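Me: I'm new to this structure and would like a close look at a single part of it. Please pick one spot and take me through what surrounds it.

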Amino acid sequence: MSRVDPRVMRSRRAVLEAAVAVLAEVGYGAFTIDAVARRSGVARSTIYRLWEGKAELIDSALTTLNVQPVEPTETPEEARDAVRGLLRHLDLGLNEGPVAACLPALIDGAERDPAIRSFHHDQNDRRRARLAAAISVTTGRDADSDLLAHALAGAVMYARLMTGRRLSAKQLDKLVDLVVR
């Protein structure tokens, strides 16, 4: 069993955090590996040894730094709690912290770069699938669970991107109750 050098782990983490910070500050178009290297203090050559380019680095950073909670979904009650938890996690991810600041840059990058579009859509599909699975257990039917997941996530995204007003925890719970009956 090989042990990973803690210095390598620290450097990797510094690069991932710097990548998110740079993306949030300058947007996708101005994002460069050089800027990430300067901010992280890790050599450009090391970054290129670990990631092929900016799309792969951004994907890795967002995947590593924005992990969804794991909640049980065996019973309808547990699944409803999981739906609430996943929706709150989405709300936090869209409104607080470094990933939230990257959202406009990610949307722009997904429109302009097929590699960004691919991982952005794949990440969102995986997250929505977890939400849909919990909805399916809650409602007892698979047929509408993906559409209901779109409705829940869409409401949170709309609030963040189009109104600038965040839904309260009480509103999020009411939304779940209205959509997932």
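**Around α7 and the largest pocket**

Reply: Let's start where α4 passes α7, in a right-handed crossing (the near helix is turned clockwise from the far one by less than a right angle; anticlockwise would be left-handed). A quick heads-up: this is a predicted model, where local features need pLDDT of at least 70 and side-chain atom pairs count only at pLDDT 80 or more, while totals for chains, interfaces and linings use all residues. Numbering starts from 1 along each chain as its sequence is written, and side-chain values use heavy atoms, leaving out hydrogens and water.

Back to our pair. Helix α4 covers residues 54-65 and helix α7 covers residues 114-139; their axes come within 9 Å and cross at roughly 20 degrees (axes are lines fitted to C-alpha atoms over the stretch in contact, and angles run from 0 to 180 degrees between N-to-C directions). So α4 and α7 are roughly parallel to each other (under 35 degrees; over 145 is roughly antiparallel, 65 to 115 roughly perpendicular, the rest oblique). On the α4 side, the contact uses A55, I58, D59, L62 and T63, and α7 answers with A115, I116, F119, Q123 and R127 (contact means heavy atoms within 4.5 Å). Sorted by class, the contact of α4 with α7 has six nonpolar, two polar and two charged residues (Ala, Val, Leu, Ile, Met, Phe, Trp, Tyr, Cys and Pro are nonpolar, Asp, Glu, Lys and Arg charged, and the others, Gly among them, polar).

Now for the largest pocket, which holds about 640 Å³ of space (on a 1 Å grid over the protein atoms alone, an open set of points where a 1.4 Å probe fits, with protein on both sides within 12 Å along at least five of seven lines; lining residues have an atom within 4 Å of a point). There are 26 lining residues, and L90, L94, N124, R127 and M157 are the closest to the pocket's centre. Two or more lining residues come from each of α5 (76-95), α6 (97-112), α7 and α8 (145-163). Among these, α7 gives the most to the lining, with eight residues. By class, the whole lining has 13 nonpolar, 10 polar and three charged residues. R127 turns up twice in this story: it belongs to the contact of α7 with α4, and it is also one of the residues closest to the pocket's centre.

Two of the other lining helices pack together as well. The axes of α5 and α8 are 10 Å apart, at an angle of about 25 degrees, which makes α5 roughly parallel to α8. Their crossing is right-handed. From α5, the contact takes V83, L87, L90, D91, L94 and N95, and from α8, L152, A153, V156, M157 and R160. That contact divides into eight nonpolar, one polar and two charged residues. L90, L94 and M157 link this contact to the middle of the pocket, being among the residues closest to its centre.

Stepping back, the protein chain has nine helices and zero strands (DSSP runs numbered from the N terminus: helices are H or I, at least four residues, and strands E, at least two). Its C-alpha atoms fill a box of roughly 55 × 45 × 30 Å along the principal axes.

Note on methods: Points joined across faces, edges and corners; volume = space filled by probe spheres on them.
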